[in-house]
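Visitor: I would like to go through the open and enclosed spaces of this model. Please show it first.

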Amino acid sequence: MPHGLFITLEGLDGSGKTTQIKRLATWLERRGLPSLMTRQPGGTATGERIREILLDARSSPLAPLAEMALMFADRAQAIAEVIEPALAAGKIVLCDRFTDSTEAYQGGGRQLGSDVVLEMHRLVCGGMQPDLTLLLLPSLEASLARARRRNTHTEAKTGRNEGRFEAEQDAFYRRVWEKYREIAAREPQRVVCIEGNLGIDEVHEQIVEAVAERLVTETRSA
Ligand code: TMP
């Protein structure tokens, strides 16, 4: 049975993931490798409804464990409905956030710790791991400024405040940042870190380098 390639993008809010995932999809497409783009939370009809609860500023305060469980409910649905079928059909799946986000935000930011998140991951996702994770790590200050600016802009345009996370204090984001670094140090084969306040093109170049390397490895082992 063919098995595709599961690539995730990770980073703080405002780290530029969404721009980069689109550019990566275009780069793959040009090489005759169409991919499927999805995001978490969201990516399925049910997931988009869960996303609304999670991001709506009126939902606060959500208990940290409720928040974590909703992230995994979204993920379980996405795996069953989108990710597994695509991988089984041999496709490349590009996913904007996966369990590393839960470990960083709920484990680190909300201080639930890694163990509870990884245990839930084992139970709900059967321990499914991305083949490659691209972790974008511009400085904390640059990411936050960008995320908060974007949220103000969206609220002015749509009247919806989807900034429940962006409203968190800097200390919360520092813990998220540190947890991301811990994950990268723990799993260097899977997680490729792209650090510093680089331009969009420079980040894209580093991403395609990492992806091209992984594609070669996959072709060799096929
Ligand atoms: P996004 O705007 O990058 O799509 O992410 C939505 C927000 O949800 C972002 O602030 C990070 C947060 N999040 C978590 O806290 N835990 C998770 O497991 C995921 C997937 C996202």
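Visitor: Which residues lie nearest the centre of the largest pocket?

Guide: This is a predicted model, in which local features need pLDDT of at least 70 and side-chain atom pairs count only at pLDDT 80 or more, while totals for chains, interfaces and linings use all residues. Residues are numbered from 1 along each chain as its sequence is written, and side-chain values use heavy atoms, with hydrogens and water left out. A pocket is an open set of points on a 1 Å grid over the protein atoms alone, with protein on both sides within 12 Å along at least five of seven lines, and its lining residues have an atom within 4 Å of a point; a cavity is a set where a 1.4 Å probe fits but cannot get out. The largest pocket has 34 lining residues, and nearest its centre are D13, K17, R51, L55 and R150.

Visitor: What is the volume of the largest pocket?

Guide: Grid points are joined across faces, edges and corners, and a volume is the space filled by probe spheres set on the points. For the largest pocket this comes to about 750 Å³.

Visitor: Which residues come nearest the ligand?

Guide: The ligand takes up the space of the largest pocket; a molecule sits in a pocket if more than half of its atoms lie within 2 Å of its grid points. A residue is near the ligand if one of its heavy atoms lies within 4 Å of it. There are 14 residues around the ligand, and those that come nearest are D13, K17, R97, T102 and Q106.

Visitor: How far from an oxygen atom of the ligand does a polar side-chain atom of T102 lie?

Guide: Polar contacts here are pairs of N or O atoms within 3.5 Å. R51 places a polar side-chain atom 3.0 Å from a ligand oxygen, and R97 places one at 2.8 Å. For T102, the distance is 2.6 Å.

Visitor: Which helix gives the most to the shell around the ligand?

Guide: Helices are DSSP runs of H or I with at least four residues, strands are runs of E with at least two, and both are numbered from the N terminus. Helix 2 (45-55), helix 3 (64-88) and helix 4 (99-109) each supply at least two shell residues. With four residues, the one that gives the most is helix 4.

Visitor: What is the volume of the largest cavity?

Guide: The whole structure holds one cavity of 30 Å³ or more. Among the residues lining the largest cavity are E10, D100 and Y180. Its volume is about 30 Å³.

Terms used: Polar contact = N/O pair within 3.5 Å; in protein donor to acceptor, adjacent residues only side chain to side chain.
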